[in-house]
Amino acid sequence: MATVPTSAATLTTTPATPRSTLLSIRNVAKSFGKNVVLREISLEIAEGEFLTILGESGSGKTTLLRIVAGFESASSGEVWMGDERLDRQPPYRRRVNTVFQHYALFPHLTVEQNVGYGLRVAGRPEAEIASRVAEALEKVRMTQHAKSKPSKISGGQQQRVALARALVNRPRLLLLDEPLSALDANLRRQMQVELKSLQREVGIAFVFVTHDQEEAMVMSDRIALLRSGELEQIATPREIYSQPATAYVAQFIGHTNLLQCEVRQGEVHCGALSWPAQLPEGPALFSLRPESIQVAATKPATPSYVRVRGRLLQQAFHGATELIRVQCPGGLVLTVRTPSGAGIPDEVDLEFSPASAVPVRQSPGRN
Amino acid sequence: MFSRAYKTIVTVPPLLWVTVFLLIPYLLMFCYSFWSVSPAQTIVRSWDLANYQTLFRVNVYWQTLLRSMWIAARVTIFSLLLGYPLAYFLSFYAGKRKDLLYQLVIIPLWVSYLVRAYAWKTILGSDGVLNTLLQYLHLARHPLEFLLYSPFAVVLTLTHIYTPFAFLPIYAALEHIPRNLVEASHDLGATPAQTFWKVIFPLSIPGVVAGATFAFVLSLGDFLAPLLLGGPSGIMISNIVVSLFGAAYNWPLGAAISLCMLALVVSLLFLSERLEKKWSFS
């Protein structure tokens, strides 16, 4: 898995004012025969929000999107847009548009006709269609390809046409089903930035489905992490990274050290480590990010920090940083992120702030 | 790469086959079409266009050719009208029963042509199933004579026989339409009817052209159905060719008519290929 920069680079500005709810998904469940794909999903999407549904393949993320679009019906639960119940309506009556994974451009129509399709079936006057199509193509910089057939343009260009075709209808909500997965890495990063700025420009709520956590972090206002058809956590990228709710979330988003600990009398014990914490007695699980651990200098340790000495096992170069694995007493192996080029001795002192060890719930084992 | 000897061994037999069984017979036919028959019933190798002139001057020949085309055109239209909805239903709505229904469409192709033609004879005859039923229900006082030994019987039988040939390419074309295009169309606000006419039908045109070509070409050259069920008013051009090569013993004229039909069919195939290319996008 690609590394997540320590800063968890995000293009988003934190949503300032609470926005009104646009779409609400209420207790939606779906099963195909015996195979349960979604279990009681509830979530709300605000006007103008960029929400990413993140999950591995088979997590049910695409099914959830297809239920909102209307290509799939929920086994139970409801989908509401404002005071209008969406899940009872056929897809062609919903004010929702989709950008499909493989774009699904009509091969027999030109770029221009593809973009104008929605307006044409809605019976808009030709003059209006022409001007809105021209405007939409302008926005995605595809004007010079207006008369081309989809097979004659590149994947990135098809992507833009698919976007224009959806946005020209001025939907209240745009669904995007892994729209960047077919593009190569460079183009993909470029499209992430373009897509995000386009979203801010048009102000339409986006629901973006992806399996790529880095993509989710870069683009989203909020991330909903799905696992085996269940919602693990829904939060802003920063929050989901710094305050993961479960062990699964902590591991899925970036690297982490999962510490199996025991709480006794206000103290957390983990192998040779211990630090004070106000937690109920018993076993507990902590997530400690590699960048939260420092290689301690010879100077006196920060008083409240947890300090441990270990033996260097492995060093992996990641550009600006390196990930080192350190064998600590009690069988504990910690992964630590250090600046590149810092000379690491074989015997190394590590320290971290107790506050950076985040208690997480154990995710129930499921398949 | 393959050796020269290997290439020769592989290419020679099919070439030989095509030469002996296609090219030479066609060449012979071509020659025959310029020759003539003497009053003493011998072939005279005189080179002229008399046979082609006969074909266009003698009413019975060109009229029968036109009638054959008209019958083939009707068969084509009815085959498409039956085959398209069937293919559409199977491809889009049959769900789990798709494979079974597909087999049911294909199985009749394994039944002998003669059996199917005779079946219609027993159904349409004056004391056949249909007439007996109509009289029993007092819907007809006398057996309906036009049912059998008429162009109607020929069109009906040929439609029955060639509908699967129209169905197959249409079904293949419909199966090739990515389903996300249909979803995209609905997503953009198109009703199912709009989606059909703006997306599904245009993308199935290559299949329709191929199916129409099959139905037309096959029924144009048919001679068994008109022989068994056509009667005097339902004979087709192939029946004339058969009799010219047989009882009438006029091979030169038969060859000339055959070559005209061949030219017609080849130009149709050429046209249909152009059309299919124009409407395929991949």
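What percentage of the 367 residues of chain A count as buried? In this predicted model, the share of chain A that counts as buried is 41% of its 367 residues. The predictor assigns the complex an ipTM of 0.83 together with a pTM of 0.84, and for chain B the average pLDDT is 90, with 99% of the residues scoring at least 70. The points below take up the overall build of chain A, then two of its sheets, then the contact between the chains, and finally one residue of chain B.

**Overall build of chain A**

- Chain A contains eight helices and 20 strands, and its C-alpha atoms fill a box of roughly 75 × 45 × 40 Å when the box is taken along the principal axes.
- Two domains divide chain A, with domain 1 covering residues 21-245 and domain 2 covering residues 255-360.
- The centres of domain 1 of chain A and domain 2 of chain A, taken over C-alpha atoms, are separated by 40 Å.
- When contacts in chain A are restricted to residues at least 6 apart in sequence, 65% of these contacts join residues that are at least 24 apart.

**The six-stranded sheet of chain A**

- Six strands of chain A, in the order E6-E7-E8-E3-E9-E10, make up an open sheet whose pairing is mixed.
- Strands E6 and E10 (230-235) of chain A stand at the edges of this sheet, and because each has a single partner strand, one side of each is left without a neighbour in the sheet.
- On average, and with direction ignored, neighbouring strands of this sheet are turned by 20° against each other.
- At the E6 edge, E6(A) runs parallel to strand E7 (residues 173-177) of chain A, and four bridges join the two strands.
- One of the residue pairs between these strands is formed by Thr98(A) and its bridge partner in E7(A), Leu175(A).

**The five-stranded sheet of chain A**

- Another open sheet of chain A has five strands in the order E13-E12-E11-E14-E20, and its pairing is antiparallel.
- The edge strands here are E13 (273-276) and E20 of chain A, each of which pairs on one side only, and the twist from one strand to the next averages 40°.
- Strand E11 (residues 257-264) of chain A pairs with strand E14 (residues 282-288) of chain A in the antiparallel sense, over seven bridges.
- Several residue pairs can be followed along E11(A) and E14(A): the bridge partner of Gln260(A) in E14(A) is Leu285(A), that of Cys261(A) is Ala284(A), and that of Val263(A) is Gly282(A).
- E14(A) also pairs with strand E20 (residues 358-360) of chain A, in the antiparallel sense and over three bridges, and here Leu285(A) has Val360(A) as its bridge partner in E20(A).
- On the other side of E11(A) in the strand order comes E12(A), and E11(A) pairs with this strand (residues 267-270) in the antiparallel sense over three bridges.
- The bridge partner of Arg264(A) in E12(A) is Glu267(A), while Gln265(A) takes a positive phi near 50° in the hairpin of E11(A) and E12(A), which has two residues between the strands.

**Contact between chain A and chain B**

- Where the two chains meet, 19 residues of chain A are in contact with 16 residues of chain B.
- On the side of chain A that touches chain B, the elements giving two or more residues are strand E6 (96-99) and helix H2 (111-121) of chain A, and H2(A) gives the most, with three residues.
- The residues on this side of chain A divide into 11 nonpolar, seven polar and one charged.
- E6(A) therefore appears in two settings, as an edge strand of the six-stranded sheet with a single partner strand, and as one of the elements giving two or more residues to the side of chain A that touches chain B.

**A residue of chain B**

- Gln103(B) is placed in helix H4 of chain B, which spans residues 98-106.
- Is Gln103(B) buried or exposed? Gln103(B) is exposed, because 9 other C-beta atoms lie within 10 Å, and a residue counts as exposed with 12 or fewer.
- Measured in sequence terms, Gln103(B) and Gln53(B) are 50 residues apart, and from C-alpha to C-alpha they are 48 Å apart in space.

Note on methods. Residues numbered from 1 in each chain as written. Chains lettered and ligands numbered in written order. Predicted model: local features only at pLDDT ≥ 70, side-chain atom pairs only at ≥ 80, totals over all residues. Buried ≥ 20, exposed ≤ 12 C-beta atoms within 10 Å, placed from the backbone. Domains from an automatic or database assignment. pLDDT = per-residue confidence, 0-100. Contact = placed C-beta atoms within 7 Å. Nonpolar A, V, L, I, M, F, W, Y, C, P; charged D, E, K, R; others polar. Pairing = 2+ DSSP bridges. Axes fitted to C-alpha atoms, helices over the stretch in contact; angles between N-to-C directions.
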